[in-house]
Each structure stands twice: as C-alpha cells, then as structure tokens.
Amino acid sequence: MKLNATQLSQKLIQIPSYSGVNEEVLNFLGNYLKNLGFTCDYLEFDGENSYKVNNLHAVFNPKNSAKVLYFAGHTDVVREGDKAAWTHDPFAAKIVDGKLFGRGAADMKCAIACFVSAVAEFLESNANPDFGIGFLITNDEEADGVNGTAKVLDWMQKSGKKISHCLVGEPTNPTKFGEMIKIGRRGSIGFKLKITGKQGHVAYPENALNPITILISLLKILKDHKLDEGTKFFDCSNLEITSISSQNLGGNVIPNEAEAAFNVRFNDSHTSQSILDLVEYACKKTVGFGATFDLSHRTSGESFLSDPKFLAPIVVESVKKITGQTPQMSTTGGTSDARFIKDYAEVVEIGLINKTAHQIDEFVEVAEIEQLQKTYCEILRNFS
Ligand SMILES: [Zn+2]
C-alpha cells in the first residue's frame, strides 16, 4: 500500500521504539523500501560495554554509481514519561488542528517518513537514476550511540558500500521549516577544577590560604580570555561556568577546598586538546604559593565542518524553492550522528522543527511534513 509522508509518519510513531533492540520498526521500514526496489541489510551490533542495537542499511543503485546519496536517521525515541501528562497518547499519532502529535514526531520519525515518501515519488518518474540512494537507519542515537551509525559506517566501508553524500534528518529548525540547515557542529569539553588551600580562621588569614579567592581569580582569567573571533561558519568559542562550591564550614572558617565546573563549546579553530592545554596553562600560572589544583575533563565531541561544496548548495536552493526562504547554514546545537558520517561523505542536516523534541506533547505541523517531503524530492531531482 502506498502511503504519503504523513501516513507513513503515523505508522512509524505507532511503533514505540526505544534505544537498542527494536526489530519491528526497522522491519516495517525495510519491507516498505524493498517494495521500492531497495536491497536491505538488517545489522545487529553488540559489545563495547553497550547493549545490542538493531540497524537497517538499504540501498538502490541500479547503475552501481560511485555517487550515492544517503539519508541517515534514527528510529529510537526517548521515553515518553508519564503518559497521563500527555494531551494525546504519545503513540497514537493523532492529528488535531493540523498538528501530528507523538513521541518521535519531531525527533525524527517524520523526517524518515518524508525521505521514504520523497524517494518513492522520485523513482516513479526516474526509475533508473544515474546515482544511488541509500538509507542508514539506526535504533540507537538517543542513548549510547555505540552500536549504531558508527558501526554501520564501518560495516559499509568493509563491505564496499559506497557513500558520497548524506542528508541527516535531525530537526534543524528553531521555529519554522526553512530557517536552518546544519553543516557542522561545535565541539564540547567539560571541566572539573578543585583548588586545595589551607583551612584557617577568617580573623587570621595570614595563617591560612583561601582556595575560593584563588578559584575566583582563575575563573575570571579563563572567562575573560577571548578564545577566538569566530570562523566562517562558526560563532566564537565560549566558556561557561556551571557551578562553584566549597565546604561551607561556617562564617568564621576559611575552607580547605573549593571546586568549580565549566564547559567550553569550541569552533573549528580549536581541538579539545588545545582547549585542555590552555586551561592547564592558566591553572599552572595562577595556582601557587602552597595551593594545588586538580583538573579533570571529559570531551563529548570535537568540532567539525563538512565543507558545503556540492550537497549543501543543492539543499539551500531546494529549501528556497519550496518555502521562499533562504536557510541559514549553521553549526549550532547539540551533537548528532553527523559527527560520524562527516569522515565518509559531505553531510548536511535538514529536518523539521526542534522546539518540541523530547517534550511532553511533542508534535509537528502536517503542513511542515509536506514541505519537508517536497524539499527532499527537490533535492533528489537536483542531485545528479
Ligand atoms: Zn534525533
């Protein structure tokens, strides 16, 4: 049965699929794609201190072209929480006043549905395209992300599956469709810093060493330091202090220790190592005279830019044609699986609206599902 993008979205939302194992949602997608002529591989990956994950790889490449446009996305959704708090059942996929409600509507089952529907429409008038079309769908992006996209890409490389360009269907627009596409991301590194001084009486500071005073001046140096001026597609890198604490031993006691946490979001003029070097240097220069510091860090991702040379301009023109609006090429926001794909292909993220993602009463406008479907069609038509 042929379904339009909205009907397909509903079908996908009606299969609850939390991160990890879920064969039902991928079998549904795979069967649909097989009917369109795709060859499907169901890939199950396990290990590396993470749980088992179902993934789907599907490709249609009649001319065995080196140029293959992939669509990458995830079928897993975050938990709905208290169902009673939802106005409509999170898995009923109800349409009310032009809005489709459900867990995964914005992030990102509707985008998958739009691309499937766009491919079906495209192949009706171009049964033998001179480029390949592929799907890389994982059921684990929202949680560990260990046995998902990264492993499928590795499997693709080892089994000789070509990928030259890739669209990622994460929700990229802040308020309405057509505002924003993404071509990279800032990196993120979090720090915990502990200063140890010497405890003492506030009336006799000469006998003590106040770690709070040292911590505050060090944080001010770090915060005041201009990391860069921003780069072509990135805002300035930024450090934000997220907590300051000490032992709170009483109004007349200088504590022994003080701690702070801070996070740096950095652009492509840095790496996590260069940020770490800089913070360590500031600590070494500032902390002395008997005080010591202990610095720990955790990198959540390096910054990256996928050079917008071929696919990104097509995406921009397609959005413009469908919505009349020129989307901004942005590198803002949290992380996505595009960080793995950028090592294999030019990658552009374009999806729906991220405003209600992960929220109670997550929804998307049906009109925007239709716009996204048309935009994906337009991209396919202009791709070769
Ligand atoms: Zn997502």
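Here is a short chat about the zinc site, the pockets and the cavities of this model.

Colleague: What kind of model is this, and how are residues numbered?
Modeller: This is a predicted model, where local features need pLDDT of at least 70 and side-chain atom pairs count only at pLDDT 80 or more, while totals for chains, interfaces and linings use all residues. Side-chain values use heavy atoms, with hydrogens and water left out, and residues are numbered from 1 along each chain as its sequence is written.

Colleague: Which residues are the protein donors of the zinc ion?
Modeller: Donors here are N, O and S atoms within 2.8 Å of the metal (3.2 Å for Na, K and Ca), and water is not among the atoms, so sites may look incomplete. The donor atoms lie 1.8 to 2.7 Å from the zinc ion, and E170 is listed with OE twice. In sequence the spacing is H-x32-D-x62-E. So the residues, by the donor definition, are H74 (NE2), D107 (OD) and E170 (OE).

Colleague: Why is the arrangement around the zinc ion irregular?
Modeller: Four donors count as tetrahedral if all angles lie between 85 and 135 degrees; four count as square planar and six as octahedral if opposite donors are over 155 degrees apart and all others between 65 and 115; anything else is irregular. Here the arrangement is irregular because the four donor atoms subtend angles of 52 to 140°.

Colleague: Where do H74 and D107 sit, and are they buried or exposed?
Modeller: H74 is in strand β3 (residues 68–74) and D107 in helix α3 (residues 105–125), so the pair, 33 residues apart, links distant parts of the chain. Helices (H or I, at least four residues) and strands (E, at least two) are DSSP runs, numbered from the N terminus. With under 20% relative accessible area as the cut-off (exposed is over 50%, partly exposed in between; 1.4 Å probe, protein chains only), H74 and D107 are both buried.

Colleague: What volume does the largest pocket have, and which residues lie nearest its centre?
Modeller: On a 1 Å grid over the protein atoms alone, a pocket is an open set of points with protein on both sides within 12 Å along at least five of seven lines, whereas a cavity is a set where a 1.4 Å probe fits but cannot get out; lining residues have an atom within 4 Å of a point. Points are joined across faces, edges and corners, and a volume is the space filled by probe spheres set on them. The largest pocket has 21 lining residues, split into three nonpolar, eight polar and 10 charged. Its space is about 310 Å³, and nearest its centre lie E141, E170, G334, T335 and S336.

Colleague: Which residues line the largest cavity?
Modeller: The largest cavity has a volume of about 50 Å³, and helix α6 (residues 272–286) gives the most to its lining, with three residues. Counting Ala, Val, Leu, Ile, Met, Phe, Trp, Tyr, Cys and Pro as nonpolar, Asp, Glu, Lys and Arg as charged, and the others, Gly among them, as polar, the lining has seven nonpolar, one polar and no charged. The residues are L222, H225, L227, L239, V264, I275, L278 and V279.

Colleague: And which element gives the most to the lining of the second largest cavity?
Modeller: The second largest cavity has a volume of about 30 Å³. Its lining includes A72, G73, H74 and E170, and H74 and E170 are also zinc donors. The element that gives the most, with three residues, is β3.
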